[in-house]
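Me: I should like a close look at a single part of this structure, followed by whatever context its surroundings provide. Please keep the account formal and connected.

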Amino acid sequence: MLSMMEGLRDIISRQIKADRYQTVIPELMLFRSTNRLTSLNCIYRSRLYLIVQGSKQVSLGNRQFTYDLITTVDLPVRSAVLNASIENPYLALSVDFYPIEIANLLLSMPQEEDEIFSTTSGMAVGTIDALLLKPIYRLISLLDTPGDIAVLSPLIRKEIYYRLLQGSLGSRLKQIAIADSHISHIARVLDWIKQHYAEPSEVKMLAAIANMSEPSFFRHFKAVTMMSPIQYRTQIRLHEARQKLLISGEDVSSVAFAVGYESPSQFSREYKRMFEITPSQDISRFRK
């Protein structure tokens with residue numbers, strides 16, 4: 001297992017082209033940092049994350065996770081690299097979850113009768129073992145033989161899902177895939193909010209999307225995301241606003257209205273509260 005981790009470090013170090021790098025394998029991303037970073041707000045997608053070197057802490061609501069292996073639904077979090085240097089950079093990778101593939105895999109696996117799922121946080125921490133590490137290593141090794149990717153990566157991805165389903169995080173992965181689980185219902189609402197973040201969204205409407213009563217929806221939503229629907233929408237709005245400000249070059253007021261705020265001053269206050277810098281200061285820092 002140690003030699004495979006060393007192999008992962010070697011391949012990531014050779015293949016990574018940027019600190020956040022989308023590889024030619026669609027489901028595989030690589031991450032690198034050469035220094036300890038202060039906390040940053042970001043969105044963790046529905047993926048498996050594996051730290052190969054260094055350490056990282058992620059805050060979701062009032063909970064903190066320091067991890068080697070983590071799975072999640074799409075969640076806005078605050079994260080910080082704790083251990084990294086030029087000589088020993090922080091290195092990590094992620095593998096996307098495709099719920100349809102996971103569901104199809106579940107159909108071919110024996111299931112426990114009347115399995116009951118409880119709704120817990122949409123983020124779960126586990127430990128890496130050799131059985132899971134082997135297919136992850138084979139997947140990233142395809143970067144050295146790109147001609148094999150189209151044929152072999154779907155097969156290896158299926159094995160990664162299978163090993164996760166067999167391990168301590170299996171119940172969480174099942175909930176992502178099973179259409180009637182509470183997490184899948186909440187994930188459907190999260191997808192709707194991400195696509196309609198600038199629109200009004202009352203709890204009654206969101207509960208209907210989740211096919212739940214309002215009290216049940218609110219309880220399960222908070223259990224999965226560690227925040228209320230309004231807080232989640234606010235964080236999505238602010239992440240989208242930051243991209244518009246820093247990349248498209250739009251002015252602050254235009255961006256505020258574009259992401260759903262009626263008041264630019266309220267937008268600026270909430271932006272500073274989240275990113276610890278005003279929109280104008282953020283733009284100036286980014287341009288420098």
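How are α9 and α12 oriented to each other?

Reply: The model is a predicted one, and what follows is to be read in that light. The axes of helix α9, residues 229-248, and helix α12, residues 279-287, come within 10 Å and cross at roughly 45 degrees. An angle from 35 up to 65 degrees counts as oblique, and α9 and α12 are therefore oblique to each other. The handedness of this crossing is right-handed. On the side of α9, the residues that meet the partner helix are Arg-242, Leu-245 and Leu-246; on the side of α12, they are Pro-279, Asp-282, Ile-283, Arg-285 and Phe-286. By class, the residues of this contact comprise 5 nonpolar and 3 charged, with no polar ones.

The strands provide the context. An open sheet is formed by 6 strands with antiparallel pairing, in the order β1-β2-β9-β4-β7-β10. Its edges are β1 (20-22) and β10 (123-126); each has a single partner strand, so one side of each is left without a neighbour in the sheet. Between neighbouring strands of this sheet the turn is 20 degrees on average, direction ignored. Within the sheet, β4 (residues 47-53) and β7 (residues 69-72) are joined in the antiparallel sense over 4 bridges. Leu-48 has Thr-71 in β7 as its bridge partner.

A further open sheet, also described by antiparallel pairing, consists of 4 strands in the order β3-β8-β5-β6. Here β3 (40-44) and β6 (63-66) stand at the edges with a single partner strand each, so one side of each lacks a neighbour in the sheet. The twist from one strand to the next averages 35 degrees. Strand β5, residues 55-60, pairs with β8 in the antiparallel sense over 5 bridges, and the bridge partner of Ser-59 in β8 is Arg-78.

The loop between β8 (75-83) and β9 (90-96) contains Pro-89. β8 belongs to the sheet of 4 strands, whereas β9 belongs to the sheet of 6 strands. Pro-89 has a relative accessible area of 13%; the cut-off for a buried residue is under 20%, and Pro-89 is therefore buried. Leaving aside neighbours within four places in sequence, Pro-89 is in contact with Arg-32, Ser-33, Thr-34, Gln-53 and Ala-84. One of these residues, Thr-34, lies 55 residues from Pro-89 along the chain, yet their C-alpha atoms are separated by 4.5 Å.

Technical notes. Residues are numbered from 1 along each chain as its sequence is written. This is a predicted model: local features need pLDDT of at least 70, side-chain atom pairs count only at pLDDT 80 or more; totals for chains, interfaces and linings use all residues. Side-chain values use heavy atoms; hydrogens and water are left out. Axes are lines fitted to C-alpha atoms, for helices over the stretch in contact, and angles run from 0 to 180 degrees between N-to-C directions. Helices (H or I, at least four residues) and strands (E, at least two) are DSSP runs, numbered from the N terminus. Angles under 35 degrees count as roughly parallel, over 145 as roughly antiparallel, 65 to 115 as roughly perpendicular and the rest as oblique. A crossing is left-handed if the near helix is turned anticlockwise from the far one by less than a right angle, and right-handed if clockwise. Contact means heavy atoms within 4.5 Å. Ala, Val, Leu, Ile, Met, Phe, Trp, Tyr, Cys and Pro count as nonpolar, Asp, Glu, Lys and Arg as charged, and the others, Gly among them, as polar. Two strands pair if DSSP finds at least two bridges between them. Buried means under 20% relative accessible area, exposed over 50%, partly exposed in between (1.4 Å probe, protein chains only).
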